[in-house]
Amino acid sequence: MILPTKGITPDRSILAVGSDLLDLLDSPLSVSNLWSRYLNLRKQLGLERPVNFDWFVLTLDFLFTIGAINLDDRGRLVKHRAS
């Protein structure tokens, strides 16, 4: 699930989706804006197998758990910045 398996292609693994999401978080974004950007990115890359919203949210949970993302004071997603 986190890594590609026989049933999960590399572009749909949580690590790959998480990497894409971190790349898209160049500024604070709402969950819905990040979801829209992510769908557009997959379309631009020509990736045919969809990632559903549940998988997207699971990836956000993973990123939050490992400390890669957080919420700002307005409830928007932000990348964790090392100090």
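A residue is called buried when its relative accessible area is under 20%, exposed when that value is over 50%, and partly exposed in between. Arg37, with a relative accessible area of 33%, is therefore partly exposed. The structure described here is a predicted model, and the same three words are used for its other residues below.

## Helix H2 and its two sides

Helix H2 runs over residues 31-45, and because each of its 15 residues should add 1.5 Å, the expected span is 21 Å, which agrees with the 21 Å between its end C-alpha atoms. Within this helix, the residues Leu34, Trp35, Tyr38, Leu41 and Arg42 are buried. These residues cover an arc of only 125° around the axis, which means that they lie on the same side of H2. A general rule helps in reading such a pattern: an α-helix has 3.6 residues a turn, so residues three or four places apart point the same way.

The other face of the helix, turned away from the buried side of H2, carries Lys43 and Gln44, which are exposed. As for what lies over the buried residues of H2, the cover includes helix H1 (14-24), helix H3 (53-65) and strand S2 (77-79). Just after the helix comes Gly46, whose phi is positive, at about 70°.

## Helix H1

Helix H1 shows a comparable arrangement of its own, with Ile14, Val17, Gly18, Asp20, Leu21 and Leu24 as its buried residues. They cover an arc of only 160° around the axis, which puts them on the same side of H1. The buried residues of H1 pack against H2 and H3.

## A nonpolar patch on the surface

Some nonpolar residues are found on the surface: Ile2, Leu3 and Leu15 form a nonpolar patch there, and together they have about 260 Å² of accessible area. Of this group, Leu3 sits in the segment before H1. Its relative accessibility is 52%, and because exposed means over 50%, Leu3 counts as exposed.

## Salt bridges

How many salt bridges does a search of the whole structure find? The search finds 3, and the table gives the distance between the closest N and O atoms for two of them and the N to O distance for the other.

| Pair | N to O distance |
|---|---|
| Arg42 and Asp11 | 2.8 Å |
| Asp26 and Arg37 | 3.1 Å |
| Arg76 and Asp72 | 2.8 Å |

The salt bridge of Arg42 with Asp11 joins helix H2 to the segment before H1, so the pair ties together parts that are 31 residues apart in sequence. Arg42 is buried, with a relative accessible area of 4%, while Asp11, at 23% relative accessibility, counts as partly exposed.

In the salt bridge between Asp26 and Arg37, Asp26 belongs to the loop between H1 and H2 and Arg37 to helix H2, so that distant parts of the chain, 11 residues apart, are linked. Asp26 counts as exposed at 53% relative accessibility, whereas its partner Arg37 is partly exposed at 33%.

In the pair formed by the side chains of Arg76 and Asp72, which partner is buried and which is partly exposed? Arg76 is partly exposed, with a relative accessible area of 25%. Asp72, at 19% relative accessibility, counts as buried, because that value is under 20%.

Key
Residues numbered from 1 in each chain as written. Predicted model: local features only at pLDDT ≥ 70, side-chain atom pairs only at ≥ 80, totals over all residues. Heavy atoms only, no water. Helix = DSSP H or I, 4+ residues; strand = E, 2+ residues; numbered from the N terminus. Expected span 1.5 Å × (residues − 1). Buried < 20%, exposed > 50% of the residue type's maximum accessible area, 1.4 Å probe, protein only. Arc of directions from axis to C-beta. Contact = heavy atoms within 4.5 Å. Patch = residues over 30% accessible without salt bridge, like charges linked within 9 Å, V, L, I, M, F, W, Y side chains within 5 Å. Areas by Shrake-Rupley, 256 points an atom, 1.4 Å probe, with all protein chains shown as cover. Salt bridge = Lys/Arg side-chain N within 4 Å of Asp/Glu carboxyl O.
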